[in-house]
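Visitor: Show me how to read a model like this one, feature by feature. I would like the general idea before each case.

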Number of protein chains: 2
Amino acid sequence: MADAATTAVIRRFNRAYTQRIGALEDSFLGVGLPLGTARLLFEVGAEPATAQALRSRLGLDSGYLSRLLRRLEEEGLAVVTPDPADRRRRLVDLTPEGRRRWRQLEDRSEARARQLVEPLSARQRERLAAALAEADLLVRAATVTFERVDPDSPVARDAVGRYFAEVGRRFGFDPAGEPEKDAVDLAPPRGEFFVAVSDGEPVACGGVRALGDGVGEVKRMWVHDGWRGAGLGSRLLRHLEDAARALGHRVARLDTNETLVEAIALYDRAGYQRTPRYGDNPFATHFFQKSLAAPG
Amino acid sequence: MADAATTAVIRRFNRAYTQRIGALEDSFLGVGLPLGTARLLFEVGAEPATAQALRSRLGLDSGYLSRLLRRLEEEGLAVVTPDPADRRRRLVDLTPEGRRRWRQLEDRSEARARQLVEPLSARQRERLAAALAEADLLVRAATVTFERVDPDSPVARDAVGRYFAEVGRRFGFDPAGEPEKDAVDLAPPRGEFFVAVSDGEPVACGGVRALGDGVGEVKRMWVHDGWRGAGLGSRLLRHLEDAARALGHRVARLDTNETLVEAIALYDRAGYQRTPRYGDNPFATHFFQKSLAAPG
DNA sequence: CATGTTCTCTGACTAAAGTCAGAGAACATG
DNA sequence: CATGTTCTCTGACTTTAGTCAGAGAACATG
């Protein structure tokens, strides 16, 4: 029952942790603003945004947000202006006074964290930081979601750019002309492309294109190197297989280069079989395929 | 700046973690009770208690708690009875139906934790559990507080009993007659005794007694073996030195046995100097002392 | 340019959360 | 047994948090 043991640890940790550090919540109080308003201030301070974006980030009702924004405006902490690009939308930013208050929230949060580690020695602090970083990576990797995006969108270009940079470095892959092909092959109706974003940065991507005869090809599969070893690659591959299946493919195929040993190990683990060369990718040295018949 | 790096990791983790698992909070919703009432139900379910204890545990206003309890009673989830030992007090316990609802909260919390680890492989789950256990230990060790208690109280007896068991095992210490001496020497006005309790279990203890001539002796210093290596011993020792100073001592002294190598290392680190034998403890082989002149 | 859609705001609510000042019963103490 | 203290309750509040149904302006599209 490794499972029950794990959840027990998580829950034990959860109780202790939320009690002690009281999440961020506590540090949001005591600056003269109610929690909801403080949270909004904090969010705007982290990055000015449209009302719409704030609503989705914080999960608020539009009427409610409208009132919270009004309150921030009345207190002289924020300014709300129409977006010149679309005058239905409203842009929210902090005033200098709002920024001062935001920094105050930051400071309290920082003080709280400092107070927690204060009784610990330098070595113990390092241990705590290492343990939390590890837990952070795993929790994020387990919860990040794959969003379907246009392969020609900025976020997709960013992600694929990182992919090209890495394969360029590792086996001299030349991406000339590829983005243009991707824009067609990896977009509906012929294919799909997904990106996982965490804290505004792409951390993984991958797509599926049609090879014909019920065969879908997995392409541009990439995981940010700070995020490897946390199961994100397996999750991504499963997600792409599901997408291929939904597109009507019965077989998934992919090629890779011998230098990408982690990827090859991943495909082996996921049940892919070696298969003869297909296509004309001059950089590919290994070819895999897997039946999509049984889901999972 | 190991410090800033540590707080940055903590805060990063904090954001991700509270967002994803949403603390326990989310799992408290959706059982047909408002958050505050659900939290109270959960607390009572964990351990039936007096209204007073619940108030201090949850930090509630007495009027507010009174109403919350009424609500639980009206819904048939709890029974509130006068404490026979002190009829001003009220005892709160759950009804069978309340216990059923409590279990429901437990299940949701469990399900949430399970859902979090679901995308992870067995190995990654183990890593997550290990990382959280490590963080848990350090956070608890950094935040547990030392309470001054009567050395004759049950919790003190429990803690010292564990201490005796360990030193008995390690170098054959014989505690005959010691508890009776402690009851006088480690209680005001002659001395003081402290226990750290976590989740109802003593995890560390120690006391100070007067040797005369401005010398205080540190006694019964013990740390639960599951809690070692997290700085709890150093914190305890500092706490005892502060107590000795407050009792008017200018010098702290202590003896120990050569088999307790971790303790000896701790005393060395804390600035204690070897000193010739004092007193007539037949089990002591090493003697230490330290000036309490400069605080810290 | 008519039509539907998107985005924000307003009014009118409800429920939850929390505070404060006593009142009254039960205990503790000299 | 008079007096002060502890503990819980009640009444009378205020503030937050959150929901819902439109209204109206701005955009998108055929």
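Visitor: Which side chain has a polar atom 3.0 Å from a base oxygen of DNA strand D?

Guide: A polar contact is a pair of N or O atoms within 3.5 Å; within protein, one must be able to donate a hydrogen and the other to accept it, and residues adjacent in sequence count only if both atoms are side-chain atoms. Here the side chain is that of Arg88(B), with a polar atom 3.0 Å from a base oxygen of DNA strand D. This is a predicted model, in which local features need pLDDT of at least 70 and side-chain atom pairs count only at pLDDT 80 or more, while totals for chains, interfaces and linings use all residues. Residues are numbered from 1 along each chain as its sequence is written, chains are lettered from A and ligands numbered from 1 in the order in which they are written, and side-chain values use heavy atoms, with hydrogens and water left out.

Visitor: Which side chains lie by a phosphate oxygen of DNA strand D?

Guide: Arg55(B) has a side-chain N or O atom 2.9 Å from a phosphate oxygen of that strand. For Ser66(B), a polar side-chain atom is 3.3 Å from a phosphate oxygen of DNA strand D. Of the strand D atoms within 4 Å of the protein, 70% belong to sugar or phosphate and the rest to bases.

Visitor: How many residues surround DNA strand D, and which are the closest?

Guide: A residue is near a strand or molecule if one of its heavy atoms lies within 4 Å of it. By that rule 21 residues surround DNA strand D, and the closest are Arg87(A), Gln52(B), Arg67(B), Arg70(B) and Arg90(B). These 21 residues divide into 4 nonpolar, 5 polar and 12 charged. In that scheme Ala, Val, Leu, Ile, Met, Phe, Trp, Tyr, Cys and Pro count as nonpolar, Asp, Glu, Lys and Arg as charged, and the others, Gly among them, as polar.

Visitor: Which element supplies the largest share of the surface near DNA strand D?

Guide: Helices (H or I, at least four residues) and strands (E, at least two) are DSSP runs numbered from the N terminus. Helix 5 of chain B supplies the largest share, 5 residues. Elements giving at least two residues include helix 3 (35-46) of chain A and helix 4 (51-58) of chain B.

Visitor: What contacts does DNA strand C make with Gln52(A), Gly36(B) and Arg87(B)?

Guide: A polar side-chain atom of Gln52(A) lies 2.7 Å from a phosphate oxygen of DNA strand C. Two contacts use backbone atoms: a polar one of Gly36(B) is 3.3 Å from a phosphate oxygen of strand C, and one of Arg87(B) is at 2.8 Å. Two or more residues of the surface near DNA strand C come from each of helix 4 (51-58), helix 5 and strand 3 of chain A, and from each of helix 3 (35-46), helix 5 and strand 3 of chain B. Helix 5 of chain A gives the most, with 5 residues. Of the strand C atoms within 4 Å of the protein, 71% belong to sugar or phosphate.

Visitor: Which backbone features stand out, and where is Pro189(B)?

Guide: Most residues other than glycine have a negative phi, and most peptide bonds are trans. A cis peptide bond, with omega about 5 degrees, joins Pro188(B) and Pro189(B). Pro189(B) sits in the loop between helix 9 (178-185) and strand 5 (191-198) of chain B.

Visitor: Are the positive-phi residues Asp213(A) and Arg220(B) buried or exposed?

Guide: Buried means under 20% relative accessible area, exposed over 50%, partly exposed in between (1.4 Å probe, protein chains only). Asp213(A) has phi near 60 degrees and is in the loop between strand 6 (201-212) and strand 7 (215-223) of chain A; at 76% relative accessibility, Asp213(A) is exposed. Arg220(B) has phi near 55 degrees and lies in strand 7 (residues 215-223) of chain B; at 4%, Arg220(B) is buried.

Visitor: What span should helix 6 of chain A have?

Guide: The expected span of a helix is 1.5 Å times one less than its number of residues. For the 22 residues of helix 6 (residues 96-117) of chain A that gives 32 Å, and the end C-alpha atoms are 32 Å apart, so the two agree. Its buried residues include Arg101(A), Trp102(A), Leu105(A) and Ser109(A).

Visitor: How is chain A divided?

Guide: Domain bounds come from an automatic or database domain assignment. That gives domain 1 (2-119) and domain 2 (146-291), with 36 Å between their centres, taken over C-alpha atoms. Chain A has 11 helices and 10 strands, and 47% of its 296 residues count as buried.
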